[in-house]
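The following exercises concern aromatic rings and the side of a helix that is hidden from solvent. Please work through each task before reading its solution.

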Amino acid sequence: MGKLKIVTILGARPQFIKAAAVSSVFSKYFDEVLVHTGQHYDPNMSDVFFEELNIPNPKYHLNIGSGSHGAMTGAMLVEIEKVLEIEKPDFVLVYGDTNSTIAGALAASKILIPVIHVEAGLRSFNKAMPEEQNRILTDHISDLLFVPTQTAVDNLKNEGITKGVHLVGDVMYDGILHFAKIAREKSTILNKLQLKEGDFLLCTIHRAENTNSPERLASIFTALNACGELVVLPLHPRTLKYINDYGLQLGDNIRVIEPVGYLDMVRLESTAKKIVTDSGGIQKEAFFLGIPCITMRDETEWVETVENGWNIVVGADEARIVDAIRHFNPTSERKSYFGKGNASQLMVNPILNYKNEGK
């Protein structure tokens, strides 16, 4: 008997980054076929993106990237079903909460192919969000649900879903560990910028709550320039526009650089003294990498990182930002809320065992 075949449905750049870490493990056990729906057109997803991150090129490109939610999901459903009829896989695997996710799950479920949902059980409890609808529906038709946190297990239990649920940890953690290693080997950004590890702060600013307010943005830049540290700022084009519109001066401590690719960004994150950001994803990556994070927002989705003492929320308050840069240092060990970075490996046996259990 040959390897079990898994068709993996992907539609957005973050899903490819997660899938790269998972596929590096799955390739030893399964025959995996990647399908790119084209949901998010991303000019950064060139051949270099796939080569740099060692991601196999998708076998199928569906090129479905525009239209209303209904039109997009319907078109994906039709095309994914055609792929499944050709490939006849043992499983279909979907990630997260995009239209590609629900389309892949529905296409498989309707022709009785078992569905694997990675990142199952996440909830915002806001059903007005298309993503919330997608993740709830996908969870309720999935056969194997791989869950990142105990909270997500509890969410599923509250909805009556207990069968096929496996707490494996967060594949984003697998991803950042996987790519931090590749970035160490391949990225030349530190040499290029003549930076030393631990000698700079890494800053990102892009959220509307900061960029749309001249007062908040001015306060942030005043703080960054007053902190007495070298601040490396990959500058988002939208933020640059607002800086120019408001006539703001950045100051001598702030070193503006062009936006960087994924491996270079991971390398900068992993070697920074501290990270100062308003990004949700970077807060979690900072935690995974063990880098103190200062969050320039009024709240955060990742409350665990704050409770554990590795993230501090300071808003756009100049004094609080400066104080955190100078004095904030975690004193506790990082807790394993998100697993141990081996979620991909922990998925293997439940998949292998599924058919042996009389399914």
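**Exercise 1.** Determine which ring the charged end of lysine 241 sits over.

*Solution.* Step 1: apply the criterion, namely that NZ of Lys or CZ of Arg is within 6 Å of the ring centre and within 35 degrees of the ring normal. Step 2: the charged end of lysine 241 lies over the ring of tyrosine 242, 5.4 Å from its centre.

This is a predicted model, in which local features need pLDDT of at least 70 and side-chain atom pairs count only at pLDDT 80 or more, while totals for chains, interfaces and linings use all residues. Residues are numbered from 1 along each chain as its sequence is written, and side-chain values use heavy atoms, without hydrogens and water.

**Exercise 2.** Classify the aromatic pair of tyrosine 242 and tyrosine 246.

*Solution.* Step 1: rings of Phe, Tyr and Trp (its six-membered ring) pair if their centres lie within 6.5 Å; planes under 30 degrees apart are stacked, over 60 edge-to-face, and the rest tilted. Step 2: for tyrosine 242 and tyrosine 246 the values are 5.6 Å centre to centre and 35 degrees between the planes, so the pair is tilted.

**Exercise 3.** Explain why the buried residues of α15 line one face of the helix.

*Solution.* Step 1: buried means under 20% relative accessible area, exposed over 50%, and partly exposed in between (1.4 Å probe, protein chains only). Step 2: in helix α15 (residues 318-327; helices are DSSP runs of H or I, at least four residues, numbered from the N terminus), Ile321, Val322, Ala324 and Ile325 are buried. Step 3: seen down the axis, these buried residues fall within an arc of 165 degrees (taken from the directions from the helix axis to the C-beta atoms), so they line one face. Step 4: on the other side of α15, Ala319 and His327 are exposed.

Technical notes. Helix = DSSP H or I, 4+ residues; strand = E, 2+ residues; numbered from the N terminus.
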